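Me: I should like to go through the classifications assigned to this model and ask for the reasoning behind each. Please set each value against its criterion before concluding.

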Amino acid sequence: MTQLGHYDSIIIGAGHNGLVCAAYLARAGQRVLLLEASDSVGGLASSREFHPGFKAPVAHSVNHFSKSIAVELGLKAHGLVIDVGSVPCVGLSPEGKHVFLNGAELRGVSDDEREAYARYSRQLQRFARALEPFWLKTIPRIGPNKLGDMLTFGHMGLNLRRLGKADLREFLRVFSLPMRDLMDENFDSDILKSLLSWDGLIGSKMAPRSPNNAVLTLLYRMVGTTMSGGVGALVSALEAAATAAGAEIRTDARVQRIRVSGSASGLRATGVELGNGEVFEADWVVSSADPQTTFLSLIGVENLEIDFTNRIKRLRCKGYVAKLHLALNSSPTFGGIEDSGGRMIIAPDLDSIEFAFDDAKYGRWSEHPVMEITLPSVHDASLAPPDQHVLSAHVMFVPYDLQGGWNEATRDALSERIIDTIERYAPGIRQTVVGRELLTPADLEHAFGVTGGHWHHTEMALDQMLMMRPTYEAAQYATPIPGLYLCGAGCHPGGDLTGAPGHNAAHEILK
Ligand SMILES: Cc1cc2nc3c(=O)[nH]c(=O)nc-3n(C[C@H](O)[C@H](O)[C@H](O)COP(=O)(O)OP(=O)(O)OC[C@H]3O[C@@H](n4cnc5c(N)ncnc54)[C@H](O)[C@@H]3O)c2cc1C
């Protein structure tokens, strides 16, 4: 074993949250080392070559990154233009009767429906703004509270109270309403209902009829900012911000163990050990790896209390989203769409989403897959050769545990089914495909070191959110092992490209 120096903080994983956390800690004067297992930074937001000359990021839209983090970290100075307006979104119709949504502007539906949307969207925005401050705060624990915790609870209550009686009643009624009910109450158009539900459902194990927190997830995704250049530009800017602040980043540096010292009654994290035997010591070890990886693999159950271990083992971490990348030798034409730079949703009605979910529940993929498509090369020309394009599709619901298991044949069959589905909306696209890659949740687990290949590291359901994320004992970024903190998507407020967990963890450490 080679002892290689002492840091204030060592961060495990240079996904976007690890980068955000490193940037804040380094800006506060800490000596920070960021260790990343793979050969590049970005984690689930990194871009990699899937066909010679063609690259794609796993996450393909940056539409609710925290604006205050972008400003505080000076991402503008590192090439990002923030607040570039909303990302246009189209609900594709097989008959060409598409529904177009761009911020407040809605086209392709009746005047009545447009008015209903204006009312609905104003109300949801009021709810989203009331909750917004709490995504960037540590959620207080239930139990003896410090003054800061009481203030957070007070602020939360006040913000909700400020909604006024009518809105507050409505908020309490709808936040756990199945998406289907919310849509049916407000709209008639099938495509519009699918389009507006999408952000409540994507990435989760929830369908339109599932009770739980799809509406809360939708509100979570209604705040934040969009920025120019796509996912690649965000990751480059975060890397530059962390490095400029003085953080040291090492790739190809897989942490094998988090080192602890002391007795069972008083363990403390003291550093990390890499696969090659190198050892680094630190006052704080901060993990952006998912909670199961952090505790079950890197700490080890022998160092954990049994009830906590069981809670970590019980986390629901099996992903439900697959990713298809297509290398196209020309620009695809989706009938009736002039600007294909936004998100395109294939889900003709809410039942199509529900039935795809039903298949996945029983370990099958759907014969009628529902998906979100983007063309990331429209915003980032470096992803494909000149005049050629990358198509990126998030396919809901594809089970981690496929009946009979995943192999080349099942992957090929699903890829073919997805391409057939896209072909209905973009006739001729099949002839332009020169390369492809399908990443099932099991492949995402293998390629990106995320348990279950889960979009949010662990399901964002009410029992795994707020002061229960990932568990009661580790919901304030500190963990039962003193000196060990969490800073990834598995902690509050959750997954997506927001930067919030990395920001909140850094603030807890700096306290
Ligand atoms: C298919 C898919 C599509 C998505 N699309 C979108 C989207 O369009 N928009 C959006 O906002 N969100 C999207 N998401 C969600 C989003 O990408 C994630 O929630 C987010 O990237 C998580 O960031 P993170 O930094 O917390 O974790 P990660 O990005 O998972 O980073 C963790 C890092 O830790 C590293 N690591 C793990 N173990 C070790 C170890 N032992 N030693 C060293 N390093 C280690 C990993 O290599 C990784 O780089 C998508 C997710 C998936 C799966």
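Me: What makes the pair formed by an oxygen atom of the ligand and a polar backbone atom of Ala 489 a polar contact?

Reply: In this predicted model, the two atoms are 2.9 Å apart. A polar contact requires N or O atoms within 3.5 Å, so the pair qualifies. An oxygen atom of the ligand also lies 2.8 Å from a polar backbone atom of Asp 496. With His 457, the protein partner is a polar side-chain atom, 2.9 Å from a ligand oxygen. The protein buries 97% of the 1000 Å² that the ligand exposes when taken alone.

Me: Which residues of the shell are closest to the ligand, and how is the shell made up?

Reply: The shell has 32 residues, the closest being Glu 36, Leu 44, Ser 61, Trp 455 and Asp 496. By class, 16 are nonpolar, 13 polar and three charged. Helices H1 and H14 (441-448) each contribute at least two residues to this shell.

Me: Why is His 457 counted as buried or exposed, and what is notable about its phi?

Reply: The relative accessibility of His 457 is 10%. Buried means under 20%, so His 457 counts as buried. Phi of His 457 is near 70°, a positive value in a residue other than glycine. His 457 lies in the loop between H14 and S17.

Me: How do you know whether Asp 387 is buried or exposed?

Reply: Asp 387 has a relative accessibility of 71%. The threshold for exposed is over 50%, and Asp 387 is therefore exposed. Its position is the loop between strands S14 (370-374) and S15 (389-396). Phi of Asp 387 is also positive, near 65°.

Me: Why is helix H15 described as largely enclosed?

Reply: Nine of the 11 residues of H15 (residues 500-510) are buried, so the rest of the structure largely encloses this helix. Among the buried residues are His 503, Asn 504 and Glu 508.

Me: What puts Thr 293 and Thr 432 in the class they are given?

Reply: Thr 293 has a relative accessible area of 18%, and Thr 432 has 14%. Each value is under 20%, so both residues are buried. Thr 293 lies in helix H10 (residues 291-299), and its side chain makes a polar contact of 2.7 Å with the side chain of Asp 290. Beyond four places in sequence, Thr 293 touches Leu 298, Gly 449 and Thr 451. Thr 432 is found in the loop between helix H13 (408-425) and strand S16 (433-439). With the same exclusion of sequence neighbours, Thr 432 touches Ala 327, Leu 328, Asn 329 and Ser 330.

Me: Which residues touch the most other members of the largest nonpolar core?

Reply: That core has 67 residues, and the members touching the most others are Ile 11, Leu 35, Phe 65, Leu 73, Leu 75 and Leu 234. Helix H1 (residues 16-27) gives the most to the core, with eight residues. A second, separate core of 54 residues includes Met 179, Tyr 220, Leu 350 and Met 460. Outside its neighbours within four places in sequence, Phe 65 contacts residues including Val 20, Leu 75, Met 227, Leu 234 and Leu 497.

Me: Where are the cis peptide bonds before Pro 470 and Pro 493, and what are their omega values?

Reply: The bond from Arg 469 to Pro 470 is cis, with omega near -10°, and Pro 470 lies in the loop between H14 and strand S17 (484-486). The bond joining His 492 and Pro 493 is cis, with omega about 0°, and Pro 493 is in the loop between S17 and H15.

How values were computed: Residues are numbered from 1 along each chain as its sequence is written. This is a predicted model: local features need pLDDT of at least 70, side-chain atom pairs count only at pLDDT 80 or more; totals for chains, interfaces and linings use all residues. Side-chain values use heavy atoms; hydrogens and water are left out. A nonpolar core is a set of buried Ala, Val, Leu, Ile, Met, Phe, Trp, Tyr and Cys residues joined through side-chain atoms within 4.5 Å. Buried means under 20% relative accessible area, exposed over 50%, partly exposed in between (1.4 Å probe, protein chains only). Helices (H or I, at least four residues) and strands (E, at least two) are DSSP runs, numbered from the N terminus. Contact means heavy atoms within 4.5 Å. A residue is near a molecule or strand if one of its heavy atoms lies within 4 Å of it. A polar contact is a pair of N or O atoms within 3.5 Å; within protein, one must be able to donate a hydrogen and the other to accept it, and residues adjacent in sequence count only if both atoms are side-chain atoms. Accessible areas come from the Shrake-Rupley method with a 1.4 Å probe; for residues, only the protein chains shown count as cover. Ala, Val, Leu, Ile, Met, Phe, Trp, Tyr, Cys and Pro count as nonpolar, Asp, Glu, Lys and Arg as charged, and the others, Gly among them, as polar.
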